Amino acid sequence: MKRKYTGIILLCLALVLIMATSEYASNNKLKSTFSPIPDVYGSQAYYTESFDDKQLKGNRITDHQDNTVWTLINNKSAKSRISDTGALQLGGASAPEYAVLSDSQWEHEQNLAMEFTMRVVKTGNEGSQNRPVASIIPRTKDADFHEYYALRYFMENTVGNVYRLKWAIVNTAAPGEAQLLAQGYYLLRENTAYTLRLAIQNTDQGNVRIRFYADSPQNPAKTFEPIIDYTDSSVYRILESAKGPVFSAGGLDLASWGTPSVVCYDNIRLFRPDVFKQYEKQLQSYSLVSPSDIQASDSYGDIRYLLNQGIAYCYPDGKYHPNDKVTLRQLITMLIRMWGDTSFATKDISADACIKYAEQIGLVRENEFADINAPATKYDIALLINRFDGSLSTDIQYARCIKDFDDVPDEYRQAVLYAFYQGYLGLDDAFNFSGNTAVSRAECASILTKISDPDGRQINCDLELPSVLSSGAVLQRDKKIPVWGRGVCGDTITVKFKEQTITAMVKDGRWYAELAPEPKGGPYDMTVSSSFKKVVLKNLQMGEVFLVAGQSNCEMFLSDCDQGAETKKKLTGKPALRFYWGEKAMAVTPQFDSPGKWMNTHDYVLANSPAIGTFFAQKLLEANHDLSGVTIGLIRLSYGGTTIEAFMPDCVTGIGRVAADDIPVVSGFWNGYMDAVAPYAVKGVIYYQGENSTHLRYQYEPLLRSYIGGLRTEFKDASLPVMLVQLAGYGTNSIGTDQDNWPCIREVQMSVANTTSNTGLVSAVDLSDPDPGQIHPTRKKQIGDRLAMLAMNMIYGQDTQCESPQMKGYETQGNKVTVAFDHVYDTLCFKDGPAAGFEVLGADGTWLPAQAEINDDNTVTVWSDSLEAVYGARYAWYNYPQVSLFSSAGLPVLPFNTVGSIQQQ
């Protein structure tokens, strides 16, 4: 009796049951909000597909008779498969992958509507409408899919790789494929099933009309209105299709890099237009039901979704009463509506007949319930859901996770075990099932919506650790060692490391434990065990771990930098350094893991390692003799061309926060692969970012402060050292004005470093590329060296000349401004020629080139002989500045501006 369920799809098949509820209403003081409607839908969907009974053979999806039902195109390197829950998974390859329905199943229906569930497993990390996350093709002019209509779900880059996700209709038969015919917004979370509908039909006027709808418990539609409704009247309209409908996942097209999307499709139904038209009317009527008492409920989305599908219903007062206990009769009624069956005739059905129908489909046993109007308990719900799903069994070994399982009556044991492990019903804080507990109507709605989303409800899994906790890892010495993962709720996880043994309980599918600090050493093994599985991590080192985070100048490969070859030669094969980086992808919600691994200093690993991190580690090992025999681990968390919002920890934007449909997804890259590393124990953080945030100017300051605070929260270290890299020069200069953006970011970086505990700064302002149009200067070794010396001072307590001189005060007299500095250490000097990069402010508000000299007390006087009075002085205050002033330690004086700047914003 195993079936795929989409209350959305099947509810129309049970319209007659709406009539049956009228007697329920009189006996149970309930009243359906829906009027009985004759069964006008005939056979309903003329084709259905749940993939449960299909097999994937090469590029063919076949039935039990080996008939080809679907054909896959471009699937050689894809991750296509039929999942354990019976969904078709596509994608994960360099090219888009297509699943084409065979002609015999499609029946050459030119006008049709599709209803299906779609689940995004992985969104990817770059995209546009020509590189979509997913694409659904309802009609194609040619059999090779060159000219077709498509509904595309894709990433739209707003600014600095902060993406908004959009739906659009395109017609590739028209000139300029990039043109969006119509667009709309409906955001999809990863690993959540959404109900989508797409209809295409030729109009009486000879045009083509396309409509798109979406709904889900996570984002329930408030009205039954199309997200996109477009009529194509152009000369390029496609009036006939050469092949059946196509479902696809996007690839990388011509790009040689990136993380492609992975998408699952399931519960596909094809409707003829007349049937779908009536279906639309019925769904429209359901959407009009709007009880006033569900808005504040934690189960609002689930209730609204079930109302939209005609599964849930209200009391005679028009309210839902979410806190009332759900009765057995209400529960059975909703399950029958979800079941859907046209075998019932369209006539008045008594309540007894309705119960008998539940008996006929195996949902209820004869005379099973003494009082059908009694509140439904967790035992009752477990029993009925297990039967609804087909009386499936679950391994008895999972019973040990349910503390009161011995108290469960025999007749409920299999059902309780199934409902628990499949994620329908959870355990209380004491890890008891508490089966006699009555369930509210709101809780019941949340349980029932899980029927149509098997992947979303499966919070239980046999023991899993994130990839960052894997063999070869470097663990932070002398600091508590977080260990975390997933498991079966109620199970006990045991972690053994060296002489330590600790345990943790799995709650809501997750567990977390902390080992006591350990000194340097290794290699060691760590054993993590559940009641069902054991994982052994080998070759672990207790050492020093640093995060290397930011955008492309942070990510820039060692092989692309000056002196990279020499460093690679010195470090290849050396055991003192290891690297970790995961698969970079954007995500709407935080992801548990991002596939990655720890790597030794092989030639190819070093070549692709983050240059500033590798140079940093090299210098740190050379400078700090206390690190002799200590392994350094570098974790790369970077992505090129990205503004700070995309990196923002989700604890800053709101845990579990999901943006509005039409709003860019902040924390997208944090969610996609950075969250999978936290709260790994680390020694410190290198953060080199800001080039793609210059448009923010001084608005960058609160974001940078939030980012640092968020890192410390996520990594469970309130004093986590953070080392910032001040931006190098780039771009054109607005001479004489205050219009340049890059100086604002540099000033913010200085201000945050000066006023935030355990935060330091090194500057790259003197390391710009000779070409102002090159944003990736190659002199990264100097940055790594400066960071290492900063770490020696800030983290290891050594007295090093690590800080650039910085303005601490100034005095204006006539046409001269004299500036004093901190961190001079010895003397100041002009490097590689006379003073350059200095300006003074005239009375008309224009900045003019100025002269400068170093005084005996290491102050600097700036002046202009052409002015009698000046109103400010500044240095290196352009996008691409001239830099001439250094300390004797070889560090550049930080850009300064005696005019208020950041304080005036």
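With which residues is Ser-887 in contact, leaving aside its neighbours within four places in sequence? Contact here means heavy atoms within 4.5 Å, and the partners of Ser-887 are Pro-805, Val-824, Thr-827, Leu-828 and Cys-829. Ser-887 itself lies in strand 39, residues 885-887. Ser-887 is buried, with a relative accessible area of 2%; buried stands for under 20% relative accessible area, exposed for over 50%, and partly exposed for values in between, with a 1.4 Å probe and protein chains only.

A word on the model helps before going further. The model is predicted, so local features need pLDDT of at least 70 and side-chain atom pairs count only at pLDDT 80 or more, while totals for chains, interfaces and linings use all residues. Residues are numbered from 1 along each chain as its sequence is written, and side-chain values use heavy atoms, with hydrogens and water left out.

Let us turn to the whole chain. Its secondary structure comes to 21 helices and 40 strands; these are DSSP runs numbered from the N terminus, helices being H or I with at least four residues and strands E with at least two. The radius of gyration, taken over C-alpha atoms, is 32 Å, which agrees with the value near 29 Å for a compact globule of 905 residues under the rule of 2.2 Å times the number of residues to the power 0.38. The C-alpha trace spans about 105 × 75 × 55 Å along its principal axes. Buried residues make up 60% of the chain. Of the contacts with a separation of 6 or more, 72% join residues 24 or more positions apart.

Helix 6 (residues 328-339) and helix 8 (residues 378-389) offer a pair to look at. Their axes, lines fitted to C-alpha atoms over the stretch in contact, come within 11 Å and cross at roughly 15°. Helix 6 is therefore roughly parallel to helix 8, a label for angles under 35 degrees. On the helix 6 side, Leu-328, Leu-331, Ile-332, Leu-335, Met-338 and Trp-339 meet Asp-380, Ile-381, Leu-384 and Phe-388 of helix 8.

Ile-381 also leads to another residue, since Val-439 is in contact with Ile-381. Val-439 sits in the loop between helix 9 (410-421) and helix 10 (441-449), and is buried, with a relative accessible area of 4%. Other contacts of Val-439 beyond four places in sequence include Asp-324, Val-326, Cys-444 and Ile-447. Ala-376 is 63 residues from Val-439 along the chain, and their C-alpha atoms are separated by 6.3 Å.

Technical notes. Axes are lines fitted to C-alpha atoms, for helices over the stretch in contact, and angles run from 0 to 180 degrees between N-to-C directions. Angles under 35 degrees count as roughly parallel, over 145 as roughly antiparallel, 65 to 115 as roughly perpendicular and the rest as oblique.
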